[in-house]
Each structure stands twice: as structure tokens, then as C-alpha cells.
Amino acid sequence: MSRARSPSAGDSLLAQRPMLRFFLVFGLFTVVAFGIEVLPWVDSRVINPMLRGITEAAAISIRLFGGQAESVHNILTHPGSLFAIRVSNGCSGIEAVILLWAGMAAYPTHWRYKMIGFAVGLVAIMVVNLARIVSLFYIGQLAPHWFDWAHLYAWEVLILLDGVLIYFGWLRFMPPPHRAAP
């Protein structure tokens, strides 16, 4: 039978309770990042250009595979039917990225691993988000009665699930966190 180590005066509360540290860092990162995301300056200089880029990438992807699509700012249009969707705030995938990055930032590992995870996670979520926009473009034309359900429910869950799967995949490559010896 072994005795649990009693905390010394030099141990901090966060070092003694790794889950508390994780949730505090995760929460702080999330609140700060979402707060930054809604700043008007960030919206006009980061989010809106990103939405225009995603819309253009969707149009290029559709044309690359033989479809018809044009983009003007953040509006994706089918030139023959004049069907259009607007890629607006909430359609960028940035919310899933923020949650993914918060989990990675909170995990106790070297920053080098976190930076790799940030980059891979961002690209993976943006690729899935691009597939989301392209699929919604086609659903809106071919099965408009399913558009709202696909947009508001199915893809919202799938984007968040993508972030969770990326996070757990990233964790598999992380060295185990250091634990204090008893």
C-alpha cells in the first residue's frame, strides 16, 4: 500500500489538478478567440475575406468537376438557373477551428506539437467546410426541401464532429503528458 504524495508548498493548484488546468485553458482560449472573432475589425479584415475565398474555392471546385458556378464576393451562383447561396458568418468553419485549437492549446504537450496540430486541423476543417458549401449548393438546386435540414442540422454536426475526430487523431500522436512521481 502506498501513500499519496501530499502537495508541497511549491506545487500550484493547477499543477495538482491537470483537468482543472485543461478546462481553464480551454475556456479562456475559447472565450478570448470568440471575442476576437466578433470584433468589427476582425470581421471586415479576416472573416469576410475568408468567406470570399471559400466562396471562390467552392466555385472553382464545382467548375473543376464539370459543374457551373460563379462567385461574386460571398455569393455562389449557378449561371443557368440563377440559384444562389450566400456564404455568411457561421459558414466559415472558424467556430470549429476555435474549439479544436482550444483543446489543443489546453492539452499538456510541447508547443511544437500544438502548432502542427493547429495547421493540420485548420486545413482539414477548411477542406470539410468546402465540401459542405459545395454539397449545399447542389442540395439547394436538386432537393431544395432538404436544404434547411442539411444546412442547419446535418452539416453543423458534421463540422463539429470533424473537429472532434481531428482532435482525437492528433492526441494519438502526442507523447503522454508528464506526471509527477508519487
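Begin with the whole chain and its contacts: among contacts between residues at least 6 apart in sequence, 63% join residues at least 24 apart. Please note that this is a predicted model.

**The whole chain**

Colour the protein chain by secondary structure. It contains six helices and three strands, and along the sequence these follow the pattern α-α-α-β-β-β-α-α-α. Now display the surface. The accessible surface comes to about 11,600 Å², and 70% of that area belongs to carbon and sulfur atoms. Of the 182 residues in the chain, 33% are buried.

**Helix 4**

Select residues 94-106, which form helix 4. The 13 residues of this helix should span 18 Å at 1.5 Å a residue, and the end C-alpha atoms are indeed 18 Å apart, so the two values agree. How many of the residues of helix 4 are buried? The count is 10 of 13, and the helix is therefore described as mostly covered, given that buried means under 20% relative accessible area. Among them are Ile94, Val97, Ile98, Leu100 and Met104. To see what they pack against, show helix 2, helix 3, helix 5 and helix 6.

**The largest nonpolar core**

Next, display the side chains of Leu76, Met104, Ile125, Ile133 and Tyr167. These residues have the most contacts inside the largest nonpolar core, a group of 38 residues. Helix 2, helix 3, helix 4, helix 5 and helix 6 each supply at least two residues of this core. Its largest share, eight residues, comes from helix 4. In soluble globular proteins, nonpolar side chains tend to be buried together.

Centre the view on Ile133. Leaving aside residues up to four places away in sequence, which residues does Ile133 touch? They are Ile54, Ala58, Leu76, Ile85, Val87 and Cys91.

**Helix 6**

Move to residues 144-172, helix 6. This helix has 29 residues and reaches 40 Å from its first C-alpha to its last, close to the 42 Å expected at 1.5 Å a residue. Where does helix 6 bend? The bend lies at Ala150 and amounts to about 50°.

Ala150 is also one of the buried residues of helix 6, which include Phe147, Trp155, Ile159, Asp162, Tyr167 and Trp170. To view what covers the buried residues, add helix 2 (18-37), strand 3 (84-86), helix 4 and helix 5 (111-142), which are included in that cover.

**Aromatic rings**

Finally, show the aromatic side chains. The structure holds 10 aromatic pairs. A pair of aromatic rings is described by the distance of the centres and the angle of the planes.

Select Phe22 and Phe23. Their ring centres are 5.5 Å apart and their planes stand at 90°, so this pair is edge-to-face. Now replace Phe23 with Phe26 in the selection. The rings of Phe22 and Phe26 have centres 6.1 Å apart and planes at 15°, so they are stacked. Phe22 and Phe26 are four residues apart in helix 2, a separation of about one helical turn. An α-helix has 3.6 residues a turn, so residues three or four places apart point the same way.

Are these two residues buried or partly exposed? Phe22 is buried, with a relative accessible area of 17%, whereas Phe26 counts as partly exposed at 25%.

The last stop is a cluster: select Tyr107, Tyr167, Phe168 and Trp170, which are linked by ring pairs. Tyr167 was met earlier in the nonpolar core, and both Tyr167 and Trp170 are among the buried residues of helix 6.

Terms used:
Residues are numbered from 1 along each chain as its sequence is written. This is a predicted model: local features need pLDDT of at least 70, side-chain atom pairs count only at pLDDT 80 or more; totals for chains, interfaces and linings use all residues. Side-chain values use heavy atoms; hydrogens and water are left out. The expected span of a helix is 1.5 Å times one less than its number of residues. The bend at a residue is the angle between axes fitted to the seven residues ending there and the seven starting there. Buried means under 20% relative accessible area, exposed over 50%, partly exposed in between (1.4 Å probe, protein chains only). Contact means heavy atoms within 4.5 Å. A nonpolar core is a set of buried Ala, Val, Leu, Ile, Met, Phe, Trp, Tyr and Cys residues joined through side-chain atoms within 4.5 Å. Accessible areas come from the Shrake-Rupley method with a 1.4 Å probe; for residues, only the protein chains shown count as cover. Rings of Phe, Tyr and Trp (its six-membered ring) pair if their centres lie within 6.5 Å; planes under 30 degrees apart count as stacked, over 60 as edge-to-face and the rest as tilted.
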